[in-house]
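Hi,

Here's the structure I promised to pass along. Have a look at it first, and my notes on what turned up are underneath.

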Amino acid sequence: MSPAIHPRIAERAVSPRYTFAEGERIIGRHAGTLRRWAAGHDRLYRGVPRHDPPLIRIDGELDGETPPLSFLNLIELRFLASWRQTVPLPSIREALDFSAAQLGAKRPLLDLRFKRSGRDLFVRHDSTLLAVTRGGQTAWPSAVDSLFASLDYDEQEQAAYRWWPLGRERPVLLDTRVNGGRPTTAETGVRTISIATRLREGWKPADVTDDTAATLPEIKAAAEIEGVRLAA
C-alpha cells in the first residue's frame, strides 16, 4: 500500500494562497471562468433559472477578503481547462470522484498513484470517456499528459508539491515549500512578482538581472507568467 500523504505536504498544498486573477495568469483561462468552475454559477436557461454547482472544492473562502485558491485548486482548475474542449466538465468531475474512490484519496490529483494510473481509472469509469470524439481528438488530450509531466511528486510521500506552469523548459515554478508557493524563478528563487514590479516601472532586463540576480531566461519567463512586456 502506498504511504499516506505527509501532513506537511498536504497542508501546504491546500493552504489558500491565490486569487482568481492570479489563477488566470498561471492557468491561462479567464478569471470569471475559473470562478464559475470553482464556485458555481447561476444562469438562465430558456428563461428558467438554473444553478451550475462547483466542479471542485475550493480550500479558501469566497469572502473577497482572502485568496480562495490553494496550490491543489490551481492544479485541479488547470486539469479541467485541459479537458474543456473535448469532454463535458461534469463528466470529468464524475470520473475524478470515481478515481478518488478507487485510490482512497480525497484529492486524487495530489496523489502520485493518480498520475500513474489515471488514464486506466478513467477507462474503467466510462470507456466512452476515452473514445474518439469530434474532430478526431480523444477525451484524454495531450494537455493532460503535459500537465502531469510538469508536476513533481515526492516518491516517499506520494504527493505533488511542485508545478512548472510554463513547462520544465521554462525556469518558473510553484513550489509549496518555497516562497509560500508563489510563482518563483527556478534557479535564483526570485518571486516573479518582484521581477514584474520592476519591469512595470520601466526597468530593462539587464538592470533587473543586476538587482535580483535572476537570469535573462528567468526574467522572460517571469514576464510571461505575470503578463508583463519586456522593455527594449
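Of the contacts in the chain between residues at least 6 apart in sequence, 55% link residues at least 24 apart. Bear in mind that this is a predicted model. The chain has 232 residues, and 46% of them are buried. As for the outside, the accessible surface is about 11,800 Å², with carbon and sulfur atoms accounting for 49% of that.

On secondary structure, I get ten helices and six strands. Four of the strands form an open sheet, in the order β3-β4-β5-β6 with antiparallel pairing. β3 (151-154) and β6 (184-185) are the edge strands, each pairing on one side only. Between them in that order come β4 and β5. Strand β4 (residues 159-163) runs antiparallel to strand β5 (residues 172-175), and two bridges join them. If you want a spot to zoom in on, R162 has D175 in β5 as its bridge partner.

Now the part you may want to open in your pocket viewer. The largest pocket holds about 330 Å³ of space. Its lining comes to 15 residues, and those nearest the centre are W37, D52, L55, L89 and P90. Three elements each give two or more residues to that lining: α3 (31-39), β1 (41-45) and α5 (89-103). What is the lining of the largest pocket made of, by class? Seven residues are nonpolar, six are charged and two are polar.

That's what I have so far. Shout if anything looks odd on your side.

Cheers

Terms used:
Residues are numbered from 1 along each chain as its sequence is written. This is a predicted model: local features need pLDDT of at least 70, side-chain atom pairs count only at pLDDT 80 or more; totals for chains, interfaces and linings use all residues. Side-chain values use heavy atoms; hydrogens and water are left out. On a 1 Å grid over the protein atoms alone, a cavity is a set of points where a 1.4 Å probe fits but cannot get out, and a pocket is an open set with protein on both sides within 12 Å along at least five of seven lines; lining residues have an atom within 4 Å of a point. Grid points are joined across faces, edges and corners, and a volume is the space filled by probe spheres set on the points. Ala, Val, Leu, Ile, Met, Phe, Trp, Tyr, Cys and Pro count as nonpolar, Asp, Glu, Lys and Arg as charged, and the others, Gly among them, as polar. Buried means under 20% relative accessible area, exposed over 50%, partly exposed in between (1.4 Å probe, protein chains only). Contact means heavy atoms within 4.5 Å. Accessible areas come from the Shrake-Rupley method with a 1.4 Å probe; for residues, only the protein chains shown count as cover. Two strands pair if DSSP finds at least two bridges between them.
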